[in-house]
Amino acid sequence: MQIATWNINGVKARMETLLAWLREAAPDVACLQEIKAVDDQFPALEIEAAGYHVETHGQKGFNGVAILSKAKPDEVLRGLPGDPADEQARYMEAVFSTGSGVVRVASIYLPNGNPLGTEKFPYKLAWMKRLQARAESLLALEEPLVLAGDYNVIPEPRDARHPEAWTGDALAQPESRDAFARLVHLGLTDAVRAVTDEPSFTFWDYQAGAWQKNNGIRIDHLLLSPESARRLRGVRIDSHVRGWEKPSDHVPVVVALDV
DNA sequence: ATGGCCGGCGCAGCCGGA
């Protein structure tokens, strides 16, 4: 079973790229972030014609997440629990039945947190605290679980081509890194780091020729519960998609699980 | 050497992103 995460930076502007990648990669589940559309605007018919079931949690203009899947999920949850006043669409879960039991998948669009010194950074940290609580609850279920998404955290200096350029950025603050580390230390496995120690980037800015210079960062992560880490077959970053026409600034990251 | 973008909204630039 292939499970992918991809911040597509606007689903309406990215349909050709999205359909081409779905045809090429044929993931079983694709978690999307930054769909930048309300549910009614999501081009569901075209995705369904490509063989995918569509579940969305959208919002006008920005944010928004979706989960596309070959099989219809048994259950869907929209919104990160823990703050009823939070109206930003950044989190959803879907539960799938497989031959060997259920697999739970979350599509996460963690707040960016920039600029520092504004209310955005505390919002990021508070959101991470809520994610921590959700992860604790889900780990207690002892199910195969994949927390997939754009975490907007550069976990370590080696996850940036130019780490010194990010020292004043919310993505690399000690508080952001500590919160990410606390999440992992609950017993989750960072899938990419489970298979390689090499620099592995998932985002290249549109500006300043970042892609051409490989000036990238690793901020899109798939965190696996022990039950899914045990079934990990492989991990892949589809970096070539960054070189396509009309690319997102992020690329898909894919895990293969033995289920 | 420096600086370089993009999508949404809505029809001009501004907001938000990372």
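How many bridges join β7 to strand β8 (residues 145-150), and do the two run parallel or antiparallel? Six bridges link them, and the strands run parallel. Helices (H or I, at least four residues) and strands (E, at least two) are taken here as DSSP runs, numbered from the N terminus. The model is predicted, so local features need pLDDT of at least 70 and side-chain atom pairs count only at pLDDT 80 or more, while totals for chains, interfaces and linings use all residues. Residues are numbered from 1 along each chain as its sequence is written, and chains are lettered from A and ligands numbered from 1 in the order in which they are written.

β7 belongs to an open sheet of six strands, ordered β5-β6-β7-β8-β12-β9, with mixed pairing; two strands pair if DSSP finds at least two bridges between them. At the edges stand β5 (75-78) and β9 (189-190), each with a single partner strand, so one side of each has no neighbour in the sheet. On the β6 side, strand β6 (residues 91-98) meets strand β7 (residues 101-109) through eight bridges, and this pair runs antiparallel. A hairpin of two residues makes the connection from β6 to β7. Along this pair, phenylalanine 96 has valine 103 of β7 as its bridge partner, and tyrosine 91 sits opposite isoleucine 108. Isoleucine 108 in turn stands opposite glycine 149 in β8. As for cover, seven of the nine residues of β7 are buried, which leaves the strand mostly covered. Buried means that 20 or more other C-beta atoms lie within 10 Å of a residue's own, exposed that 12 or fewer do, and partly exposed anything in between, with C-beta atoms placed from the backbone.

Past β7, in the loop that leads to α3, comes proline 115. The peptide bond from asparagine 114 to proline 115 is cis, with omega near -5°.

Helix α3 (residues 120-139) packs against helix α4 (residues 174-184), their axes coming within 10 Å and crossing at roughly 5°. Axes are lines fitted to C-alpha atoms, for helices over the stretch in contact, and angles run from 0 to 180 degrees between N-to-C directions. The two helices are therefore roughly parallel, a label for angles under 35 degrees (over 145 is roughly antiparallel, 65 to 115 roughly perpendicular and the rest oblique). On the α3 side the contact involves Lys124, Leu125, Met128, Leu131, Gln132 and Ala135, and on the α4 side Glu175, Ser176, Ala179, Arg182 and Leu183; contact means C-beta atoms, placed from the backbone, within 7 Å.

Two residues that are not glycines have positive phi. Asparagine 63, at about 55°, lies in the loop between β3 (53-57) and β4 (65-69) and counts as buried because it has 20 C-beta neighbours inside 10 Å. Lysine 246, at about 50°, lies in the loop between β13 (232-237) and β14 (253-257). Lysine 246 is exposed, with 10 other C-beta atoms within 10 Å.

Finally, there is the DNA. Of the 23 residues around DNA strand B, Gly10, Ala13, Asn112, Tyr206 and Ala208 come nearest, where near means a C-beta atom, placed from the backbone, within 6 Å.

Key
Two residues are in contact if their C-beta atoms, placed from the backbone, lie within 7 Å.
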